[in-house]
Structures are given as C-alpha cells and as structure tokens.
Amino acid sequence: MVGDFAELISSELSAIWISNNCGTNVTSGYSIRGVSIQSGTEGSLSIIAIESSKFSASNNTVLNSDASRNTYAFYCNAPSKGGIVSAESSSVVEIVGNSISSTEIGAAASAVYLSAPAGGLPFSVTAAHHSTIKMSDNLLSNLRVNDYGITMLWLSDESLSGATTNGSAILLDRNNALNISGNVKGTYLYSTGNISLSTIGTGSVISLSENALCRIIF
C-alpha cells in the first residue's frame, strides 16, 4: 500500500485484518516484505482503532527464503511525515505472531518494522480509554543475517513515544530471536531524538517483558 497518506482506520465495532499471509521459498535479488504498508515521500501513516474496533496484522511469515537485501514479515514505513499507531475507546491493535524463519538474508531482518526515519514528525504509539496495543510473540528463528536482525523495531529520527491512559496497555512481550547468525536485537526502540514512555491513570501499563535471545553467533 503506497500513497500520500497511508491510513488504516477501523471504528464502531468493525475490524481490519491483515493476517496469515505467508511467503515460502522466495528468492529475491533485493528485499522481501511479507506485508508492506508505506506512505508516500510527503505523507504520513496512521493505524487507528476506535470505538470498540480492532486492527490485526498478525501471523504473517517469511519461510525458507533467500534475499540479497532486507527481509521483513510486517513492514510499516512513514518516510518523511511521521506515523501513529493508536487504539481508543475499548479498541485493540494487534501486531503479533509475525515471523521470519530458516532464511538467508544478505542485509537486515525485522519481524516487525515500524519506522518514521527521515526526521519529519515523530512516531507515536498511544492507547487510551481501556484499549490495548499488543506487539508481542514475534519471532526470528534459524537465520543467517549479514547485517542485523531485529524482532520488534520502533524507529524515528525525530522522536519516539509510547503512552497509555485510563486503564490501557501497550504490550511488547516475548519478541524472541532463536538460533541466529549475525548482529541481533530483540525488542528495539531507537530514536536520534527523544524517547518517551508514559503511563497515566489507574491500570495503565507499558510492558517489555520475557524477550529472549538464544544461541546467537556473531
């Protein structure tokens, strides 16, 4: 999906599903992207669930493949104007169970890649009014990576923020890397500007728990 503005908005008991897509035995002289959502060079990117709705981008896989460049299971990029992931009013955003397995990668790998890299507006992830954003249980396994492997990545050159209010939660749990050859990170939040994680109100949670790196060979 490419446009000036990439907007995926579910509301009023509705849902958006981008799940269970699989790329198997793929060979590419460039990059492999299982699911790719990208705004244009002058646009921004929004993933929003409101009014008891749901957005799910889950269980997307790249398996037994060979890429000379980067490989992503779920790729979400706002190259210049920033991005937002938001859940409000008893809604859910799920980006879970995405994986790259048994793959040879000439450059970098990310199971989940959320990025606003060009120094425009910030990248923010917010959950409000008893809502949940879950980016958990994503996996890299049995890979040879010639640059780096990151299971869950939030990236912004400007600033990066995660915020929960009024009994809401952002969960970044159990993003694991197993049997990897290369430079590897599990859950990785990176900005050349500011990084802010905040919780406000009773029962609000931001969790980065049970993330594991096992048998990494540099």
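Begin by selecting Thr-24, which belongs to strand E4 (residues 22–24); strands here are DSSP runs marked E of at least two residues, numbered from the N terminus. With a relative accessibility of 35%, Thr-24 counts as partly exposed, a class that lies between buried (under 20% relative accessible area) and exposed (over 50%), as found with a 1.4 Å probe on protein chains only. If residues up to four places away in sequence are not counted, Thr-24 touches Leu-63 and Ser-65, where contact means heavy atoms within 4.5 Å. Now add Ser-101 to the selection: Thr-24 and Ser-101 are 77 residues apart in sequence, and their C-alpha atoms are 9.8 Å apart in space.

Before going on, keep in mind that this is a predicted model, in which local features need pLDDT of at least 70 and side-chain atom pairs count only at pLDDT 80 or more, while totals for chains, interfaces and linings use all residues. Residues are numbered from 1 along each chain as its sequence is written, and side-chain values use heavy atoms, with hydrogens and water left out.

Next, select the cysteines Cys-22 and Cys-76. Which of the two is buried, and which is exposed? Cys-22 counts as exposed because its relative accessibility is 54%, whereas Cys-76 is buried, with a relative accessible area of 0%. A disulfide is a covalent bond between the sulfur atoms of two cysteines. With the cut-off that the two sulfur atoms must lie within 2.5 Å, a search of the whole structure finds zero disulfides.

Move now to strand E15 (residues 109–116), where eight of the eight residues are buried, so that the strand is largely enclosed by the rest of the structure. Two strands are said to pair if DSSP finds at least two bridges between them, and E15 pairs in the parallel sense with strand E11 (residues 71–77) over six bridges. Within this pairing, Tyr-113 of E15 is the bridge partner of Tyr-75. E15 also pairs in the parallel sense with strand E18 (residues 139–156), over seven bridges, and there Val-112 stands opposite Met-152 of E18.

Stay with Tyr-75 and show its side chain together with those of Tyr-72 and Tyr-113, since these three residues form one aromatic cluster. Rings of Phe, Tyr and Trp (its six-membered ring) pair if their centres lie within 6.5 Å, and the planes count as stacked under 30 degrees apart, edge-to-face over 60 and tilted for the rest. Then add Arg-33, whose charged end sits over the ring of Tyr-75 at 3.9 Å from its centre; for this, NZ of Lys or CZ of Arg must be within 6 Å of the ring centre and within 35 degrees of the ring normal.

How many aromatic pairs are there by the ring rule? The count comes to four aromatic pairs. Select Tyr-188 and Tyr-190, whose ring centres are 5.9 Å apart and whose planes meet at 25°, so the pair is stacked. Tyr-188 is partly exposed at 24% relative accessibility, and Tyr-190 is partly exposed at 34%. Lys-185 lies over the face of Tyr-188, with a distance of 5.1 Å from the ring centre.

The next stop is Ser-168, in the loop between strand E19 (159–165) and strand E20 (169–171), which counts as buried at 1% relative accessibility. Its side chain reaches the backbone nitrogen of Ser-131 at 2.9 Å and the backbone nitrogen of Ala-128 at 3.4 Å. Leaving out residues up to four places away in sequence, Ser-168 touches several residues, including His-129, His-130, Gly-203 and Val-205.

Now select strand E2 (residues 6–11), and colour its covered face, Ala-6, Leu-8 and Ser-10, apart from its uncovered face, Glu-7, Ile-9 and Ser-11. In a regular strand the side chains alternate between the two faces of the sheet. E2 runs parallel to strand E7 (residues 45–50), joined by six bridges, and Ile-9 stands opposite Ile-48 in E7.

Finish with two loop residues. Asn-59, in the loop between strand E8 (54–56) and strand E9 (61–63), has a positive phi of about 60° although it is not a glycine, and Asn-59 is partly exposed at 39% relative accessible area. Glu-210, in the loop between strand E23 (205–207) and strand E24 (213–217), also has a positive phi, near 55°, and Glu-210 is exposed, with a relative accessible area of 58%.

Key:
Helix = DSSP H or I, 4+ residues; strand = E, 2+ residues; numbered from the N terminus. Polar contact = N/O pair within 3.5 Å; in protein donor to acceptor, adjacent residues only side chain to side chain.
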